[in-house]
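Visitor: Please pick one part of this model and take me through it closely, with the cut-offs behind each term.

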Amino acid sequence: MRWLMLYARSRQVPASLAAVVISAVALWALALNGGEGPGDPRLPVLFLATGAMVTSIGLGGQDLALDRTAAIRWAPRRAAHVLLAGAVVAATLLTVRAMGEDMTTTAFVVRDGAGLTGLAALGTVLLGGRYAWTVPFAWLSYSIFAPPPTSVPMEVASWLLLPSGTAAGTWTALVLMAVGTAAYAVAGPRR
């Protein structure tokens, strides 16, 4: 067996991919049966957050001691794992969008997918693979129930639901993706 297949199995990639596909089918069914329309970002954000949460579980690995003592360089592999997970989740939502359910723009999907994936990676560094999903979940929960933003700090806090051209939302997502990916690539999952 090749290292890529072993890596994918040890990081629970098949299970995460199955959960992302099931979430996409559920999203498509919800959008067909009375979604709020193309202006409401809550359903796409819920899917992107779910995708980030299920892929975050595999960021921890099976044996942290083995990860830390292996003779290979983990930083590029970890960074590639985070970037690929974010790309797969965003591409899945864009596939649902291409099937005729125009829920949001491509820029919105890419921005929120990147930011949520960065949050998941940051959660893995801070809390470990088992609880990494709580960071994107907490930010999603706040964004859905927060009052409409009236200042820049409030826009940063509720960046998930801002329109795709908003500077605060774009910069927040970019910073979260960069910091989360870099921290996970360098430090790895928490023990």
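Guide: What follows is a close look at helix α9, then at what surrounds it.

The model is predicted: local features need pLDDT of at least 70, side-chain atom pairs count only at pLDDT 80 or more, and totals for chains, interfaces and linings use all residues. Residues are numbered from 1 along each chain as its sequence is written, and side-chain values use heavy atoms, with hydrogens and water left out.

The setting comes before the helix. The protein chain has 9 helices and 0 strands; helices (H or I, at least four residues) and strands (E, at least two) are DSSP runs, numbered from the N terminus. Mean pLDDT over the protein chain is 83, and 85% of the residues score at least 70; pLDDT is the predictor's confidence in each residue, from 0 to 100. Of the elements, α9 has the highest mean pLDDT, 93, while helix α4 (residues 64-69) has the lowest, 63.

Helix α9 covers residues 167-187, 21 residues in total, and its end C-alpha atoms are 29 Å apart, which agrees with the 30 Å that it should span at 1.5 Å a residue. The expected span is 1.5 Å times one less than the number of residues.

Ten positions are listed as buried in α9: Ala168, Gly169, Thr172, Ala173, Leu176, Met177, Gly180, Thr181, Tyr184 and Ala185. Buried means under 20% relative accessible area, exposed over 50% and partly exposed in between (1.4 Å probe, protein chains only). An α-helix has 3.6 residues a turn, so residues three or four places apart point the same way. The cover over the buried residues of α9 includes α5 (74-98), α6 (106-127), α7 (134-145) and α8 (152-157).

Take α5 to begin with. This helix has 25 residues and reaches 35 Å from its first C-alpha to its last, close to the 36 Å expected at 1.5 Å a residue. Its buried residues include Trp74, Arg78, His81 and Val82, as well as Ala79. Ala79 counts as buried because its relative accessibility is 19%. Leaving aside neighbours within four places in sequence, Ala79 is in contact with Thr181 and Ala185, both of which are buried in α9; contact means heavy atoms within 4.5 Å. Between Ala79 and Ala183 the C-alpha distance is 9.2 Å, with the two positions 104 residues apart in sequence numbering.

Helix α6 offers three residues for inspection. Asp112 lies in α6 and counts as buried at 0% relative accessibility. Its C-alpha is 9.6 Å from that of Thr172, 60 residues away along the chain. Beyond four places in sequence, the contacts of Asp112 are with Val45, Leu48, Trp159 and Leu160. The side chain of Asp112 also forms a salt bridge with that of Arg111, at 2.8 Å from N to O; a salt bridge is a side-chain nitrogen of Lys or Arg within 4 Å of a carboxyl oxygen of Asp or Glu. Arg111 is buried, as is Asp112, and by this rule the count is 1 salt bridge.

Further along α6 is Thr124, also buried, with a relative accessible area of 0%. Not counting residues up to four places away, Thr124 touches Tyr184, Pro189 and Arg190, among others that include Ser56, Leu59 and Gly60. Thr124 and Ala183, 59 residues apart in sequence, have their C-alpha atoms 9.3 Å apart.

Val125, in α6, counts as buried at 18% relative accessibility. With neighbours within four places set aside, Val125 is in contact with Ala183, Tyr184, Ala187, Gly188 and Arg190. Its C-alpha lies 4.6 Å from that of Pro189, 64 residues away along the chain. Gly188, just after α9, takes a positive phi of about 80 degrees.

Helix α7 contains Phe137, which is partly exposed, with a relative accessible area of 41%. Phe137 belongs to a nonpolar surface patch with Ile57, Leu126, Leu127, Tyr131 and Trp133, together about 560 Å² of accessible area. Patches are made of residues with over 30% relative accessible area and no salt bridge, with like charges joined within 9 Å and nonpolar side chains (Val, Leu, Ile, Met, Phe, Trp, Tyr) within 5 Å. Accessible areas come from the Shrake-Rupley method with a 1.4 Å probe, and for residues only the protein chains shown count as cover.

Chain totals close the account. Of the 191 residues, 42% count as buried. Among contacts with a separation of 6 or more, 72% join residues 24 or more positions apart. The accessible surface comes to about 9800 Å², 71% of it belonging to carbon and sulfur atoms.
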